[in-house]
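The exercises below take a reader through one protein model, step by step. Try each task with the structure in view before reading its solution.

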Amino acid sequence: MARFSEVLLICNGKAGQGTLEILLKDAVPPLLDICNELIIHKTKEKGDAERVCRESGSRYELVVIMGGDGTIHEAINGLSVLSDRPLVAILPGGTCNDFARSLRIPMNIGQAVRLITEQPYEQEIDIVKAGERYFSNFWGTGLVAQTSDNIDVGSKSVLGKLSYYISAFQSIQDSPILNVKVTTENEVVEEEVVMLLVANGRSIGSNPLPTCINMDDGLMDIYVVKKSGFPLLKEFLVIKSTGNISEEYDDIMHIQAKEAHIELGQDEKLDMDGELYEGSRQSLRVLHKHLRFVVGASE
């Protein structure tokens, strides 16, 4: 007997035709085995995944998103506004697949499908509302947004996640200083920074973030990075192994909060899950355990 009546599969129509055909060939037959009806929607333009999820997401018991972080960001913005939200599963089909990594989903499409069809683990995950938008993995400005802005589309398709690191090293050479004020329910921080990162997930550019980040604790993890240079970047990446910031340095501040209001000295690029926006003020609020996802087994 099928586990689901209707399942929606959203796939990124901008993926290379050959790539998309291979992904669908691996994904569709197993999904058909667990449902009575499988609806496949291939996105045609930017915003398409969000629109479909917003307009029809509630009618499905399971929504499967096959694509990269951009497609996932769109779909989550469509699903998060619903009062009746379906179970969500992700099949990684992008460059970095950071949110899929955060959910411990295998990068191999066949293994990721089996996660859905054979022995699925489910977990309610926090989503952060940023103004009128939503993000699942991270929000950032300064170096992190500059890196995303600098990535060349052509090199991204050829070099994959390596393009993220190339862009990061290029960006860090000329990192602007930002004046920021972060107001949370517990404290107010005013600093000159090169990067402000608000994390909900556990991966950026396929690189793991600190182990202390918990995706269902009702808190966002805010990292205030005060100065640039390779020593600081190295320190930031080393955090992942311990979940803590060395007490010897005050170059990175770590704040946990349910809500945060961020003020910048001027309009800046804002990066939400790899999608770029722009602004000088942003109010963030954690929606505790807002969406239910199929996830990989705990480590």
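Two residues are in contact when heavy atoms of theirs lie within 4.5 Å. The model is a predicted one, which should be kept in mind throughout the exercises.

**Exercise 1.** Find where the confidence of the prediction is lowest and highest among the elements of the protein.

*Solution.* Begin with the protein as a whole, for which the mean pLDDT is 85, with 81% of the residues reaching 70 or more. Turning to the elements, helix α7 (residues 153–159) has the lowest mean pLDDT, 45, whereas strand β6 (residues 133–135) has the highest, 98. The pLDDT is below 50 over residues 152–163, a stretch that has 12 contacts in the model beyond near neighbours in sequence. Where pLDDT is low, the predicted coordinates should not be read in detail.

**Exercise 2.** Describe the surroundings of S102, and decide whether S102 is buried or exposed.

*Solution.* First locate S102, which belongs to helix α4 (residues 98–102). Its relative accessible area is 5%, and because a residue under 20% counts as buried, S102 is buried. Next, leaving aside residues up to four places away in sequence, S102 touches N137, G201, R202, S203 and M215. For R202 there is a further detail, since a polar atom of the S102 side chain lies 2.7 Å from the backbone nitrogen of R202.

**Exercise 3.** Work out how many residues of helix α3 and of helix α5 are buried.

*Solution.* In helix α3 (residues 69–79), 10 of the 11 residues are buried, so this helix is largely enclosed by the rest of the structure. Among them are I72, H73, I76 and L79. In helix α5 (residues 109–117), 7 of the 9 residues are buried, and therefore α5 is also largely enclosed by the rest of the structure. The buried residues of α5 include I109, V113 and I116. At the N-terminal end of α5, N108 acts as a cap, with a side-chain oxygen 3.0 Å from the backbone nitrogen of G110.

**Exercise 4.** List the buried residues of helix α2 and name elements that cover them.

*Solution.* Helix α2 (residues 48–56) has D48, A49, E50, V52, C53 and S56 as its buried residues. The cover over these residues includes β1 (4–11), β2 (35–42), α3 and β6.

**Exercise 5.** State how many disulfides the structure holds, and classify C35 and C212 by accessibility.

*Solution.* The structure holds 0 disulfides. C35 has a relative accessible area of 7% and is buried, while C212, at 27% relative accessibility, counts as partly exposed.

Methods:
Residues numbered from 1 in each chain as written. Predicted model: local features only at pLDDT ≥ 70, side-chain atom pairs only at ≥ 80, totals over all residues. Heavy atoms only, no water. pLDDT = per-residue confidence, 0-100. Helix = DSSP H or I, 4+ residues; strand = E, 2+ residues; numbered from the N terminus. Buried < 20%, exposed > 50% of the residue type's maximum accessible area, 1.4 Å probe, protein only. Polar contact = N/O pair within 3.5 Å; in protein donor to acceptor, adjacent residues only side chain to side chain. Disulfide = S-S within 2.5 Å.
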